[in-house]
Structure formats: structure tokens, C-alpha cells
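Good morning, and thank you for coming. I should like to take you through one structure this morning, beginning with the way its chains meet. Please look at the display before I go on.

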Amino acid sequence: MNPASYACGSPAHAVSRRAFLGSALGAAGVLGAGGFASAAANARLAGAGKRVLVVFLHGGASQLETWDPKPGTDTGGPFRAIPTSVPGTYVGELLPETAKRMHRLALVRGVNTADDDHARGATIMLTGRRPEAGIEYPHLGAVAARLLGSESAELPGHIAIHAGGSGFGKQDAAFLGPRYGSVALGNGKPPPELLRPAGLTEDADRRREDLRKKLNARFARSRRTAATEAYAESYDQAERVFRRAGVFDVGQEGPKAAERYGRHDFGRHLLLARRLLEAGVTYVKVSHTNYDTHHENFDFHIEQLGEFDRPFAALLDDLADRGMLESTLVVVMSEFGRTPRINHLYGRDHWSKAWSVALGGCGIAPGAVVGKTNATGTGVTDREVNAGHLFHTYLRAVGLNPKKNFYPNDRPVAVADPAADAIGEILV
Amino acid sequence: MPLPLPAVTAWVLCIGFPAPPGPPLHTEIDRLIAAGYPGYDRKAAPIAADDEFLRRVSLDLAGTVPTAAEARAFIADRDPAKRERLIDRLLAGYGYGRRMADHFDVVFMERRPDAKVPRAAWEAYLRESFAGNKSYAVLAREILGADGVDPGARARAKFFLDRKLEPGTVVKDISRVFLGRNIQCAQCHDHPNVEAFKQSEYYGLLAFLNRTFLFPSAEAAGAVIAEKADGEVTFVSVFDPAKKQKGTPPRVRGLDPVADPPAVKGKEYKVAPGPNVRPVPAYSRRARLAEAVTSPKNPAFARTAANRLWALMTGRGLVHPLDMDHPDNPPSHPELLALLADRFAAANYNVKWLLREIALSKTYQRSSEGPADAPEDRYLAAAVKPLSPEQFAYAMLQATGFADAERRALGAAASDAALAAKLAPHVGPFRARFGSRGGEPEDGFTATLDQTLFVKHGGAVRGLCTPRPGNTADRVAKLTDPAAAADELFLSVLTRYPTAGERADVAEFLKASGPPPAAAAEAVWALVAAAEFRFNH
């Protein structure tokens, strides 16, 4: 077993250096207001060592086949509800392994996000806000990387693992600045251009780096600024990530782990996520696709949840066994749920009015269930919440104050939607 | 080499504008900068050496670094007027139009993805405008008066069309870009922190455009701007408990409102609205916008333009940030900004003239090796400015000798435009990595992991460093004398001769690094990856 390294470096160090650089640079107005640097510093101290994992079920997983089953009703579909490790809480029978770990999770069953568009739904869930003209909000990953991440961390703080291509998503950091944008590991491969190009030997690389550093040292003698320092430092940072390239290699986990997580893309991606969290990455989002089941909803859910259930349970076990669950917030979300009404193609369509989100780990009351839908799942009858409430909850769970402000261009912008509040019932 | 004309004649030929009377602006700049700091003359950095000046002004006015041959020639030139000659040569060169197009593209469009106007046409429009030294007021009037209807002049409508004529964005950006005032917060109420930014100012600007819409639809790729004959602007402050509704005619702050002429019943339209018809009103509010913004009675226009051009050269606005010009954020040198604005307006907004005067000033020509604790806004030393993504790309293409090799490959057909066409496709990857997020102003500096890996391991930069006939690695590899190799390397990449220590370092590096071509390529990489190359200093 790998020795788990949970240290994110000394928080005190985290505060000093980059806070200085940030305010000296005024980069894109991220740290415009003088007061912000210290507020962010406080937030970092509070959240030191906390991590977030989001499993995003792309396309919109059905709440009725997962967290809020309605067996034996017009809308319930063919599957049974099964008991879980939490007495009185039932989930769909396609989640047998997850059901056994229900005492590690909490359910929010009264989610109404009021938008049935894939792209907007995803933005709403990941930013905790409805889209507005004139401003884009940072994704949860950027906020987490910004407020929880240690500045001395060797690895990027915001990583997305999905089936598509690799790249760097600066957009999703919005006004927080590109430093907090996502590093996308397409198909679980390492970040683009991380590895040495063919033809450049270790020796040659070291020699040219030595020459570069000599030049930098000379230049810094008379023309040192925060920006030139940041530039020179970025090469050291890249070197540190490069030296830890093995973190991105799930092959190092061995066949036993591979078997437990399942020999398919999602299993490998979730295992990679665990490696990254262990290695000190603040936020990892793993996408699992193919939940947009406008036809054959039930067959697709057998397949997709069949892939999801075992690795997700293995991940919860691993986090718990390693003592990481109490410092790692785990969230399972989609862009929306699916219609209670079953269409003529045995499909379910987009449904944002009454669906569920599961979460657990850091700061979350184990086994809690909040919110209710009616007998056929067509509406929320108790404790309706939206993505803003959830966003507040995630931040509170990891010890952050969602009511603080960022100050892009000296203008206060609340970290989470000021019209919403955390869901206190599921917080410890 | 340009003909040895007397400087003044050369200047008139180059810019097409006789120097205005009174003391030259560049000496006035130096006088007012010196007056802004006690003991300035004693504490300010000395004038930069020739190599430092050559690199700086080439990057600022041509957007790239000079060739090794140009560097050798300039350093060896004994003519006392050589800096002035260089400035004039750069202002007349192809690189100037491209550099200004790249810079003002970001000022005007802020790296928005193309929506309705393709980037090539827009770049050509900007390049030709600046190369031909179009008055900045004319340029602003063309952009703010464009409707996108004439296919030959559609590019200039990009400012409106690619913002989809979204009123909040358009009004915010007209005010920021042309008036130096970020009044976005005044959309919903008077600005909470900036007393001078009033809600009425925002809506006064909006009233020029409130009748304007995209025809046939906002979604259509070929949409053009159309206008109705009626519609008023009203607004309520979200802070006002009484929710009192106010109205405003079109108005630029400080100017008289632009009243509508009395409407004649039945004659409101030149082309009446109808199904699939683009209406044309008898009286256009939008048509008044460009003249109001650029009116001589509106000092904010010349002041903002002068401040932006000053910042382009010195790395910092006299009003800083550039779009926060209000009484609580006064200019660092108020008298200087007023003078620049007045003279710029009196010179009919002659951009080349203003840039030339700034470049001629001692303030601009100071070394960037200044006193360690010098306050940035006192100009005791030249600023160390990060290269823009485009400057970084073009400097990389020149420093690695990619441009030399392409010039050589083109042979007799090597015109500026032909070479530019070979270089331009290589700029995209730099823009993608180093450019700001679309729709955000590009200021500050960040060095992110992807940017650094792009330089460190990326195929694009590695490909540029690799030896090919006529490029830098090739030339360096062919020099058997290690000192000559080091000279060629440093002049090509860093526009200076190496120090004795650096010569020794390079000699040792080349000796230890195997076959000369591969060793030279890695040496080129070490220099382009150095901080000295990433900044204009």
C-alpha cells in the first residue's frame, strides 16, 4: 500500500508567498481589494488539508433509479427499492454496493434546479448559480482550489477526469484567474505536455535547465519583479509536477485495486481520482457519461449504474480506510434528473424540478436524508433546495464561509449565491 | 538603411504631419515626469544602452525582436540620431501595423471568440488603419458608427456585432475603452465606491442604442444593425425605496443631451418596418453616438486614448487602471496627462506622432535597471513588461530564426506580407495558452502550468528551436569559434552580446552537449525560456 501523504504543506507558508505575489501582480483583478488577501488566507487556514471529489453523472442520471426510488407506482419503473445500511433509507436496486455504504452518505431529495438544458444545468450545478449576463462565476473546483489549496502544493489544485480530450480549462475559473482553471485529464492520461518530448534526454534537459537558471539569476540581480519571479518559479513548479508524473499512472496501483474498481474507464478514472486526492490535489471531478436516456432508460441504467456502483463503493471504502473520508467531501451530482413519466421509447427525459444529490465525507452528517418528493416523484413536497443551497453546503462542509466575498475588479461578489443558504440538516 | 535625411524631414515624410509649434512634446514629458518626484534627476536610472533600447522599442513598435544582423548594425552605428532613425523606421515598417492591430484587437475585443465578423477581416482593417496612420478619432467613429451592412466595411462593425449588441456589454465597453470609465456597476444604481460614476451616465450612453437591434435576428451569422424610430430609456435605482422611475435622452457625460428632432407623423421612417425588412428611421440616435463620443467637447476621449498609448509604451497608465478615470483615482501626473491629451487632439489624434514623441523621451529610454524601491508610478526606471501573447510568439519566431529561415526559403518572393503569411499560423497556439479569458481585460501577469509546459516540453516551441537551414541553431552550430557562436546566439535571442562569463557558459554548454546542431538547439531553448526573453525590459 502506498504511504498516504495527506500533507498539503504548511498552511503558514501557503499564506505568505503567493498572497504577496497575487496582490503585487493584481492579476486580472483577482486580488484587487487589499482586504481580500487576508480573508482568503483565513479561509485557507480553516480549510487546510480538506479535499473535494465530485462524481458527475453526465446526461442526467435518474433519481428514480438511484437515490429516490418509487417502486410500484406509475412512474417507478421496473426496479425494486432495496434497504441500505441506514435503517429506513432505501435506494434503487441497481446500487447494491453503494447501499451497503449508505451510512457514509447523505441524500438531498428535494433538489429543484429549474433548468432542463444540459449545458446550463451543468453550469448551475457546478457554479451554484443561474447564468447571468455580464458575469461568469467560477466552478466549484476553482473555488476549492483557490480557498482550500495550499500554495506550496506540487500538483494542480483543480483536476477534471473525463472520457474526452485533455486540456486546460481557464474559463471555469472565471474571475479567480487561470491559475485555478481545471486541468483536464482526457481518458485519464497525464496533463498535456507534462512528459519530456522524445529526443530530449534527462541529461540534456538538466544541462539546458542549468543554462536557463544561470541566465535567470543574472537577470534577477538587477530586474527582479513579482512577475519575473513568478515566471521563473513556474519552471520549478512544472518540474515538481513532472517529477510526480507517476501520480497520474493508475497502472502503479496493481491488479488487485484495478479489479476492485473495475476494468473499465470509469473504474480507472475513479482510482486515478483517489491517487490524486491522496497526493494532495484539492479538487477532482470525475465524469461518468451516458445517462441521457431518452430511450431505453432502464437498460441504460442497468449498464451505467452497474459501472458506477462497485468502484464508487470501493472509493468510499478506500477513503474511509485511509482516514481520508473525514477530510474529503464526496458529491455525486448530474446536471438534472429524469422525468418521472416514462415515454413511449421506455425513456425518461430531462427533469430539473424534483431530483436528488448524494454527498458524504467531510462535514456531512452520515446517513442523513433531507427533502421529500411526492408519491410519484413529480414534485418536491418538503425542504426544496436549489444548486445555490447545495453550493453553500459544499463550502460549509469543508469549513469555508460561503458568505464571504471575492473582489474581482474591486467589486464584491459573494462566494456562493447570497439568495441561498447551506442545508444545515445534513451538516455535522 | 534609410537615406540620411535630416530627422525632421524624415519625420514629415514618415508621418505626413508637420510638428506642432512649441517645445517638442518629448522634452515636455521629461520635464513633467522629473517634476513628479523629488530629486528625480539624481535617482532616475541612466539612459538605456543601445541594445536595451533596440529590443524595447522593437517590441513596442514592431511587436518582435530585431534580427542578429540588425542588432549588430545598430550597436555599431555611430550616428547620434540613430535612435530617432530607428523609431521612424519602425513606425514605417510592416511590423508596426501588425503590432498595433494585435494590441488594439485586445483593447477593443478582449479576445472574445469570433461571432459574426471573422478575425482575418478585422485584423486587416486594424492593420491598415494603423499602418496608414488613420486618425484615432476617425477609427473610433468608424467603429462606433458601423452597422455592418456594407460587406466591404463589415469588419469595423465587429465591436457591436461580436458583442451581439448586448446593451449592457456594449455600453460598459464603450465607456471603458473610449471614455476610461468602467461604469458597469452604475447599471443598477450609482456606483457604490466611485462617487463620480452615476446611473444616469450609464443610461445616457444606453439611450444612443436603445432603439437599435440586430436584424434579422441576434442569432443570424450575417446579422446587421437596424434601428427603430421610437423608444425611450427609463431606469430605477435598486437602492431607491420609492422606486422612482427616471428617464434620459442620449447623452455623453459632460456634454449637452442629444435631443430627438420633433417626429413628423407618418414620416418616422426612411424604410418602414415590415416582415423581413430592415427598418431605417428618419432620425437615428445611434448615428449620433460616434460624434458625441469623439466630440472635441468631450475631453475624456482624447484623455483616454492618450493614456492608453502611454501605457502601451511605458507599461502603466498615468491613470491606472486604464478604465478607472475618476476624481478619487487621480492621474499620477495630472499635468502630463492633460498635455498629452491636448496635444494629441490638436494633432488630429495622430497615433504615430504621439508614440514617436513618447519613444523619443528620456523617460521611455531609461534603463530598466533602476533603484530597487522605486515607486512604479514615478517612472524612475523603465518598466519590466510581460510580452503580450502575440509579442511572445513573434519574438519567439524571430529569436529561434524561424523567420530568417522562412525569409530565406521565400527567396526573391520574400515580401513583408508573404513572410507575415508564413508566421501568422504559428501565433495561434501562443494566443490560446497565454491570452486572457475572452471578454476580460488583459492585464496583470500569470504563469500557469500549461503555459510553462508549452515552452518546456511542447512540440511547437521545440520545433522552432530545431536546426533548419538559416535558423538560429543552424547558424550557431556552424560557427566553430565558441565566442562567435555565443555572440550569434545572444544577439539572435536576447538582442545583446553575452558577457565574458556567459561566453564561457555557452562554450562549455556546447562542448558538453554532443553534436553541434542538437546542442545549439538546446542552447536556443535555454535562452528563449529565460525570464529575460519573456519580458520587455
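Let me begin with a term: two residues are in contact if their C-beta atoms, placed from the backbone, lie within 7 Å. Please keep in mind also that this is a predicted model.

With that term in hand, we may turn to the interface between the chains. Here 44 residues of chain B are in contact with 43 residues of chain A. Which elements of chain B give two or more residues to the side that touches chain A? They are helices H11 (167–179), H22 (449–456), H23 (459–465), H26 (500–512), H27 (516–528) and H28 (531–534) of chain B. The largest share of that side, six residues, is supplied by H22(B). By class, the residues of chain B that touch chain A comprise 18 nonpolar, 14 polar and 12 charged.

One of these interface helices, H26(B), also packs within its own chain. Its partner is helix H25 of chain B, residues 482–494; the two meet at an angle of about 105°, and their axes are 9 Å apart. H25(B) is therefore roughly perpendicular to H26(B). On the H25(B) side, the contact is made by Pro482(B), Ala483(B), Ala485(B), Ala486(B), Leu489(B) and Phe490(B). H26(B) contributes Glu502(B), Arg503(B), Val506(B), Ala507(B) and Leu510(B). Of the residues in this contact, nine are nonpolar, none is polar and two are charged.

I now move to the domains of chain B. The domain assignment gives domain 1 as 7–96 + 300–381, and domain 2 as 389–536. Taken over C-alpha atoms, the centres of these two domains of chain B are separated by 27 Å. How many residues does each domain give to the contact? Domain 1 of chain B gives 16 residues, and domain 2 of chain B gives 16 residues. On the domain 1 side, the elements that give two or more residues are helix H4 (50–62) and helix H5 (68–76) of chain B. H4(B) gives the most to that side, with six residues. The side of domain 1 of chain B that touches domain 2 has eight nonpolar, three polar and five charged residues.

Finally, I come to the sheet in chain A. Nine strands form an open sheet of mixed pairing, in the order E6-E7-E5-E8-E1-E9-E12-E4-E13. At the edges stand strand E6 (167–169) and strand E13 (369–370) of chain A, each with a single partner strand, so one side of each has no neighbour in the sheet. E6(A) is joined by three bridges to strand E7 of chain A, residues 182–186, and the two run antiparallel. Within this pair, Gly169(A) stands opposite Ser182(A) in E7(A).

Is strand E12 of chain A, residues 355–361, mostly covered or mostly open? The strand is mostly covered, with seven of its seven residues buried. One face carries Trp355(A), Val357(A), Leu359(A) and Gly361(A), the other Ser356(A), Ala358(A) and Gly360(A), and all of these are buried. E12(A) pairs in the antiparallel sense with strand E4 of chain A, residues 105–111, over five bridges. Four bridges join E12(A) to strand E9 of chain A, residues 328–333, again antiparallel. Gly360(A) in E12(A) stands opposite Leu105(A), and Gly360(A) is also the bridge partner of Val330(A).

Conventions. Residues numbered from 1 in each chain as written. Chains lettered and ligands numbered in written order. Predicted model: local features only at pLDDT ≥ 70, side-chain atom pairs only at ≥ 80, totals over all residues. Nonpolar A, V, L, I, M, F, W, Y, C, P; charged D, E, K, R; others polar. Axes fitted to C-alpha atoms, helices over the stretch in contact; angles between N-to-C directions. Parallel < 35°, antiparallel > 145°, perpendicular 65-115°, else oblique. Domains from an automatic or database assignment. Buried ≥ 20, exposed ≤ 12 C-beta atoms within 10 Å, placed from the backbone. Pairing = 2+ DSSP bridges.
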